[in-house]
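Hi,

Here is the structure I promised to pass on. Have a look at it first, and then read my notes below.

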Amino acid sequence: MATDTSAALQEELLRRARARAAGRFATPAPAAARATGPAPLTHAQRRMWLMERLGQNGAQYSVPFATRLHGPLDVAALRSALAELVRRHEILRTRYGRDGEEPYQEALPAPDVTVKMVESPGDGDDLLTEEARRPFDLAADTIPRALVLRHGPEDHTVLLTFHHIAIDGGSLETVAEELAALYEAAVNGRPCELPEPPQYADFARREHTDAARLDDGLAHWTRRLAGATPPRLPRPATPPADAAEHPAATRTTELGEQVLPALRELGRERRATLFTVGLAAAFAALHRLTGELDLVIGCAATHREGQAMRGLVGLCVNTLPVRVDLSGDPAFATLVERVRDALLEAQQHREVPFDLILERLGAAARGDDGTALVRVTSDVVGEQTALRLPGLEARAVEVGVGEAKFDLTFGLLDEDTPASLVQYGRAALDEETGLALAASFAELLTAVAADPRLPLSRLPGRLAQPPTVAGHPAEARLRAHPEIADAHVPDPAGGPLLAYAVLRRTSGPSPAQLRAHLRGVLGRELVPAAVTLLDAMPRTADGAVDAGRLPAGPRPATPKSPHLEAVTEAFAGLLDRRPGPDDDFFALGGHSLAAVQLAERLRSALTLPLIGLDIMQTRTPRAIAALLDAREAERATAVASATTTARPRRAREGTVLVTGGTGGVGAFVLRELAAQGRPVLALARPESAHLVGGDGVEVIEGDLGDLDSLRAAVESADAVIHAACTFTRPEVDVAAMEAMVDAWRGGPFVFVSSVDAYGQPASAQVAEESPSHAPLSAYGQAKLDCERLLLKAAGTDGRGGASAVRSPIVWGAHDRLRDQLRWGATGLLYQAALAGRPIVLPAAGAGGHDWYGAAWVHAAALARAVTACLDAPVHGVANAVSGHVAWSDLAAGLVTLLGSDSTVTFDDEVHRDLDHRWHYRADRLATALRPAAGEDLHAVLASMIKGMES
């Protein structure tokens, strides 16, 4: 292909495509009569709309456009020009609503535009950032906000803030040029004769009606991206403390003056643009970072084509996933050719929206954490666009909002001072890795500019290998963890893979948290079956790990699970059918109650932890037996570790008894108490006792069905948090509460109850302590009976204050909480989206109600609320609710996270699991329930789905 053709195609990938002045305001060809009224959303818009519905309307979608102006600024003329700009371009005064559950965009009448003026003697960087980070309400409008900082009589900074759903980088040139022309006309008091521009709503309608023409392109992308996976970035073991305030970091490194000219010359030799060469460098740097050879990097493309789209303002950007094979240790010049060919092939199908590609590929195009295939992007950024008003000197001002749209972006700054750029989310890379990557990327560019014949193996940036540690990859990852002082993963020698670690401090991560970290950075086959914490790593005189002094692991696995026969017999005894090893529990006639019964039989017979939800998840005798094998191995290593490294127990005042510590809610409560430094007494069954532990936690054996153990546990504690529940045996729950209340003689008592205790209130708004309304489920009635027992006894015979904390659906990154994705309302929607089945939701007005959905709470927020009641009992009922989500929004979020093909329809018939329409006030515990970083709806769903796929 000729050089000029290649360059022309690749220029379309520049994020800040420069529009030539010539022809900018040329009169367009006569157009057919426009459609009026609401228009559908484009695929790019729909993604942003969904993110807002999921609570992700953050600053990452703000587009700040700032210019420092020197000279006599006419603010009234600027206001007039901005008002005319908004009138001309409907997209800048558009609101986003829903027709049923289908989103639409609708232009509003031209509004009055205000320009906020603020005195700012300094540069006002903080004011600019604060204004740029202020969110938009898409349901109201997307009118750009204007802020003018007055530094002096003839020194101003003008900041225009747009929402990305209404504008992209290519639109800013149009905005800047039109504003300059409109401002000049306003200053001179004359009309500005600009041709009426094309409108984005028309583009959206065309995309909607022309969807069928994309079939061939979708087929291409399905073939091209088959088997591709997101790159596995070396994510930090723990997020930085200030990640919520500063979620992204941008590092620029100045390049020598000869680097970009040399890279351009390399491009000319290989029939490639500077963008392509920069993209090849990004692939090389990503390979050095991850060690992977099959990589996908995203590039920005545009849908702007032809005369009809000149002057169009709107979101016309698309993401091109470029897949390149880096095998064979190619020279960098050879890699440029590979990238060139892959990029040109991608450009031939650039009209296919990336969101459609993800929908077609489904879950295969997402990583273990549910994030989409393109996590890494590359770009070349030229001179920033500035608002060049007549009679004033202008200089573009960079306004950072501190957020990143992708995990990692590589860039070249083609400006007066050329530089390389690395931007990364601080949840994707830690600071040390990010700084090293930025430095090595600049070194890589300098090296290949000097000698493009260098192979990949000799390029700078050896970050893929953990710091000078030989042995198993899991050992290297554990050693790299900031809270691990030492680690060892011995050769499994035919048995299960085990890991041993020494914490830097006693309150570090638990074994489960360390395994979760390893699952996030290693392939599943490399994750140990168990991590055992030691006080010190046993070593020989020469410093080698003394394997003989490590806690004994389980014996090598036999070809057939030792538990398979017991599981098979339990199946046969309960279901009257002898199953094969891979027969499905539900296909054999099993149901939820039978799952509980089967788990109880196996738990009693084998003395291993197992509950009904485990049966519902694993379903076959072989899978259940494997689960029991793994739990026996975990118990063996935990018991051995406790024998060799146990710390002496000591009685401490203020001990809090926690029931249900092995459950999802109880686990988060234990974490919160540990963080507060409170001594804890954790009640657990004998077979589950090894699952609970940590600094300050003493484990005692007991069970809700063993009333004597409950009484003894309560008598030995100074406070009680009762989080355990059978879920299916209300008589056991009530009897357990009676025993605990009877033994309670002092200190506060907190009971984790449920909003099911309200029953079905007549009003959709439910205040705390509202009376219960029939009908109540057996579960809800049991919670209500337990509350009454507790609150009646509170304050009598020296007892302390009591708190009944009613929670709705509890979500969080814990195996027990992920069961919400297997049953009930959330499970109904998740399983349908996972299988790509149609999702049927209640239509507006069905059953005589306008709103259907669920209240939910993040497990960490619930734990904060529960522990807050130890110091300040509510002496009654309080609700713990993080928020409310409509079924339509929850379904949309699950479909997006899973990349599902499911369609959503609406019906007047309401599924019984979705028959919920109440909002619950949460006033008394509002302070404790304030969301922390990562506790938004989207983040918690993504973390739960990640665990389901692990």
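About 40200 Å² of the protein is exposed, with carbon and sulfur atoms supplying 50% of that area. Keep in mind that this is a predicted model. Of the 950 residues in the protein, 53% are buried. I get 27 helices and 30 strands. As for contacts between residues at least 6 apart in sequence, 76% of them join residues at least 24 apart.

Next, the empty space inside. There are 4 cavities of 30 Å³ or more, and I went through the second largest, which holds about 80 Å³ of space. Its lining is made up of 7 nonpolar, 1 polar and 2 charged residues. Helix α22 (residues 778-793) gives the most to that lining, with 4 residues. If you want to find the spot, look for Leu704, His722, Ala724, Cys725, Asp733, Phe751, Tyr779, Ala782, Lys783 and Cys786, which line this cavity.

One helix is worth a stop too: α25, residues 887-898. Its 12 residues should span 16 Å at 1.5 Å a residue, counting one less than the number of residues, and the end C-alpha atoms are indeed 16 Å apart, so the two agree. How much of α25 is buried? The count is 11 of its 12 residues, so the helix is largely enclosed by the rest of the structure. Among the buried ones are Trp887, Asp889, Leu894 and Leu898. Just after α25 comes Gly899, with a positive phi of about 60°.

Cheers

Note on methods: Residues are numbered from 1 along each chain as its sequence is written. This is a predicted model: local features need pLDDT of at least 70, side-chain atom pairs count only at pLDDT 80 or more; totals for chains, interfaces and linings use all residues. Side-chain values use heavy atoms; hydrogens and water are left out. Helices (H or I, at least four residues) and strands (E, at least two) are DSSP runs, numbered from the N terminus. Buried means under 20% relative accessible area, exposed over 50%, partly exposed in between (1.4 Å probe, protein chains only). Contact means heavy atoms within 4.5 Å. Accessible areas come from the Shrake-Rupley method with a 1.4 Å probe; for residues, only the protein chains shown count as cover. On a 1 Å grid over the protein atoms alone, a cavity is a set of points where a 1.4 Å probe fits but cannot get out, and a pocket is an open set with protein on both sides within 12 Å along at least five of seven lines; lining residues have an atom within 4 Å of a point. Grid points are joined across faces, edges and corners, and a volume is the space filled by probe spheres set on the points. Ala, Val, Leu, Ile, Met, Phe, Trp, Tyr, Cys and Pro count as nonpolar, Asp, Glu, Lys and Arg as charged, and the others, Gly among them, as polar.
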